[in-house]
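Here's a walk through the charged pairs, the aromatic rings and the helix packing of this protein. Keep the model open beside you while you read.

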Amino acid sequence: MWYDADIDAIMQRTKDRPVPSGRVSKQAALTFGLWVSGLSVMAMAVMINYLSAALLAFTIFFYVVVYTMFLKRSTAHNIVIGGAAGALPPVIGWAAAAGSIGIEPLIYFAIIFFWTPPHFWALALIKNDDYKAANVPMLPVTDGVQSTLVQIVAYALILFAVTLAPYALGYSGLFYAAGAAVLSGLFVALCVLLAMAGDAQRNRLAGMTFAYSIFYLFLLFVLLPADKLMS
């Protein structure tokens, strides 16, 4: 929020955030962010283990420096590459609990990684004018709506396959596999309907897709431990 205060002030979606609205100064936001980030990494290192602390530090660095300061304003692939930061928490959690990294947390990383583009591009379609005004190169701005819709469907199909990887590799049972197939099938169907929608219906379906994507990811990660309890 410290770094993005200039573009946040332009976009309707973000103009009321604490920094662009003037409720919090840029310096205060930067100071708070640095302290919270530093203390969280130190606490994890001291109270849990160094591996999870290192992963947390990398995640913060990747999101703040690589995504926010570079990718967000320079490439339409900002969400795809930058999504790695948002996908790392399951890996951090696994490292905190197990003290190591295995195949399972990398699968969970992949689920969130491939979920992020269709999730965020659905919102970007609705807020396209905002990103144009702020000169942020989101995919609908740089490549157009139709290209974005095609890529939303493509990522949703890849995601469908990735969500079944825990079952295919023997890390979960049929309960998870069936639930994931239904949830992912609904997500693909919504993305296809969005891609086929006319101009009058596109924003409504984009909003539905965005809202469902949040509910969908939540349920996927509920199904995983639920499947273990049932086995």
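Let's start with Asp199 and Arg202, which form a salt bridge with the closest N and O atoms 2.8 Å apart. This is a predicted model, so bear that in mind with every distance below. Both residues sit in helix α12 (residues 199-230), 3 residues apart, or about one turn of the helix. That spacing makes sense: an α-helix has 3.6 residues a turn, so residues three or four places apart point the same way. The two partners differ in how much surface they show, though: Asp199 counts as exposed at 65% relative accessibility, while Arg202 counts as buried at 11%.

How many salt bridges are there in total? The count comes to 5. Three of them are set out here, with the closest N to O distance for each.

| Acid | Base | N to O distance |
|---|---|---|
| Asp199 | Arg202 | 2.8 Å |
| Asp4 | Lys72 | 2.8 Å |
| Asp8 | Arg17 | 3.4 Å |

The Asp4 and Lys72 side chains meet in a salt bridge, and this pair links distant parts of the chain: Asp4 is in the segment before α1 (5-8), Lys72 is in helix α3 (residues 50-74), and 68 residues separate them. Are these two partners buried or exposed? Asp4 counts as buried because its relative accessibility is 7%, under the 20% cut-off. Lys72, at 11% relative accessibility, is buried too. The pair also belongs to a bigger arrangement, since Asp4, Asp6, Lys72 and Arg73 are linked in a network of salt bridges.

Asp8 and Arg17 make another salt bridge. Here Asp8 is buried, at 1% relative accessibility, whereas Arg17 is partly exposed at 30%.

Now for the rings. The model has 13 aromatic pairs. One of them is Tyr108 with Phe221, an edge-to-face pair with 6.0 Å from centre to centre and 75 degrees between the planes. Tyr108 lies in helix α6 (residues 103-126) and Phe221 in helix α12, so the pair ties together parts that are 113 residues apart in sequence. Tyr108 is buried, with a relative accessible area of 11%, and Phe221 is partly exposed at 27%. Elsewhere, ring pairs link Phe109, Phe113, Phe114, Trp121 and Tyr155 into a cluster.

Some of those cluster residues turn up again in the packing of two helices. As background, two packed helices are described by the angle between their axes and the distance between the axes. For helix α4 (residues 78-87) and α6, the angle is about 130 degrees and the axes are 8 Å apart. Are they parallel or oblique to each other? They are oblique, because an angle of about 130 degrees falls outside the ranges for roughly parallel (under 35 degrees), roughly antiparallel (over 145) and roughly perpendicular (65 to 115). The crossing of α4 and α6 is right-handed. On the α4 side, the contact is made by Ile79, Val80, Ile81, Gly83, Ala84, Gly86 and Ala87. On the α6 side, the contact residues are Phe109, Ile112, Phe113, Thr116, Pro117, Phe120 and Trp121.

Staying with α6, His119 lies in this helix as well. His119 counts as buried, at 11% relative accessibility. Which residues does His119 touch, not counting those up to four places away in sequence? The answer is Phe210, Ser213 and Ile214.

Last stop: helix α5 (residues 89-98), where Trp94 is found. Trp94 is partly exposed, with a relative accessible area of 27%. Leaving aside neighbours within four places in sequence, Trp94 is in contact with Gly99, Ser100, Ile101, Gly102, Glu104, Pro105 and Tyr108. That list includes Tyr108, the ring that pairs with Phe221. The C-alpha atoms of Trp94 and Leu106 are 9.7 Å apart, with their positions 12 residues apart along the chain.

Other residues of α5 are tucked away: Pro90, Val91, Ile92 and Ala95 are buried. What do the buried residues of α5 pack against? They pack against α2 (26-47), α3, α4, α6 and α12. After α5 comes Gly99, whose phi is positive, near 75 degrees, and Gly99 is one of the residues in contact with Trp94.

Key:
Residues numbered from 1 in each chain as written. Predicted model: local features only at pLDDT ≥ 70, side-chain atom pairs only at ≥ 80, totals over all residues. Heavy atoms only, no water. Salt bridge = Lys/Arg side-chain N within 4 Å of Asp/Glu carboxyl O. Helix = DSSP H or I, 4+ residues; strand = E, 2+ residues; numbered from the N terminus. Buried < 20%, exposed > 50% of the residue type's maximum accessible area, 1.4 Å probe, protein only. Phe/Tyr/Trp six-rings, centres within 6.5 Å; stacked < 30°, edge-to-face > 60°. Axes fitted to C-alpha atoms, helices over the stretch in contact; angles between N-to-C directions. Left-handed = near helix turned anticlockwise from the far one by under 90°. Contact = heavy atoms within 4.5 Å.
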